[in-house]
Amino acid sequence: KLDGADLKPSVSVFGGYDFIAPRFSGGEDVYHGYIVGLQAEWKIWDFGRTKGQREQSLAKQRQAELSVEDARRQIELEVRKAWSKHTEAVELLESQQKSVSLAEEALRLARSRFDAGAATQLDVLSTQTALTLARTNELQARADYNTAVAEMQRAMGSRRFGMTNDK
């Protein structure tokens, strides 16, 4: 609106009191009195420049609106990606926890068979190795889960999205 203001005339009113006395003359020539005036100005030759400035301001406003919309979409995309990573990390962690449970049960069965003489020491060592690998994978899944939670917090710009103790 400000850039288009020169398209319209401007009017100003002024007033004051004036006192004029010659400094170096000894005469009584003293002039004083009130002054009141009205001044109007209309820049009719600047319409092209004013119109160009107005269009430039409108273009800058539209560019700013598009930048805000782009930022909004980028944030939405970032949150969606973080949510997807979080969901994937939760599912991976749950499957790794099940793998650890299965590996612990397999080790228990291998030790039972070994104690009964139906399995070798190598069978027990293999199941222990499998259990260690399952636990390592579970720890990596926990680290991935924590990373996904941190990314989600950053993407959402808050700490409301917290970690749960059961994972």
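Helices and strands here are DSSP runs, numbered from the N terminus: at least four residues for a helix (H or I), at least two for a strand (E). The model is predicted.

**Exercise 1. The elements**

Task: State how many helices and strands the protein has, and in what order the elements run.

Solution.
- Step 1: Count the elements. The protein has 2 helices and 2 strands.
- Step 2: Read from the N terminus. The order is β-β-α-α.

**Exercise 2. Confidence**

Task: Find where in the protein confidence is lowest and where it is highest.

Solution.
- Step 1: Start with the whole protein. Its mean pLDDT is 86. Of its residues, 84% reach 70 or more.
- Step 2: Go to the elements. Strand 2 (residues 31-41) is lowest, with a mean of 82. Helix 2 (residues 121-156) is highest, at 95.
- Step 3: Keep a reading rule in mind. Predicted coordinates should not be read in detail where pLDDT is low.

**Exercise 3. Helix 2**

Task: Compare the span of helix 2 with the expected span, and say what follows the helix.

Solution.
- Step 1: Take the length. Helix 2 has 36 residues.
- Step 2: Take the span. From first C-alpha to last, helix 2 reaches 52 Å.
- Step 3: Compare. At 1.5 Å a residue, 52 Å is expected, and the span is close to that.
- Step 4: Look past the end. Gly157 follows helix 2, and its phi is positive, near 70°.

**Exercise 4. Glu138**

Task: Decide whether Glu138 is buried or exposed, and list what Glu138 touches.

Solution.
- Step 1: Locate the residue. Glu138 lies in helix 2.
- Step 2: Apply the cut-off. Buried means under 20% relative accessible area. Glu138 has 13%, so Glu138 is buried.
- Step 3: Place Glu138 in its helix. The buried residues of helix 2 include Leu131, Ala134, Glu138, Ala141 and Tyr145.
- Step 4: List the contacts. Leaving out residues up to four places away in sequence, Glu138 touches Leu93, Gln96, Gln97 and Val100.
- Step 5: Widen the view. Buried residues make up 17% of the 167 residues in the protein.

**Exercise 5. The aromatic pair**

Task: Identify the aromatic pair, and describe its geometry and its place in the chain.

Solution.
- Step 1: Count. The structure holds 1 aromatic pair.
- Step 2: Name the partners. Tyr17 and Tyr34 form the pair, 5.0 Å centre to centre.
- Step 3: Classify. The planes are 70° apart, and the pair is edge-to-face.
- Step 4: Place the partners. Tyr17 is in strand 1 (residues 10-20) and Tyr34 in strand 2. The two are 17 residues apart, and the pair links distant parts of the chain.
- Step 5: Check exposure. Tyr34 has 72% relative accessibility, so Tyr34 counts as exposed.

Methods
Residues are numbered from 1 along each chain as its sequence is written. This is a predicted model: local features need pLDDT of at least 70, side-chain atom pairs count only at pLDDT 80 or more; totals for chains, interfaces and linings use all residues. Side-chain values use heavy atoms; hydrogens and water are left out. pLDDT is the predictor's confidence in each residue, from 0 to 100. The expected span of a helix is 1.5 Å times one less than its number of residues. Buried means under 20% relative accessible area, exposed over 50%, partly exposed in between (1.4 Å probe, protein chains only). Rings of Phe, Tyr and Trp (its six-membered ring) pair if their centres lie within 6.5 Å; planes under 30 degrees apart count as stacked, over 60 as edge-to-face and the rest as tilted. Contact means heavy atoms within 4.5 Å.
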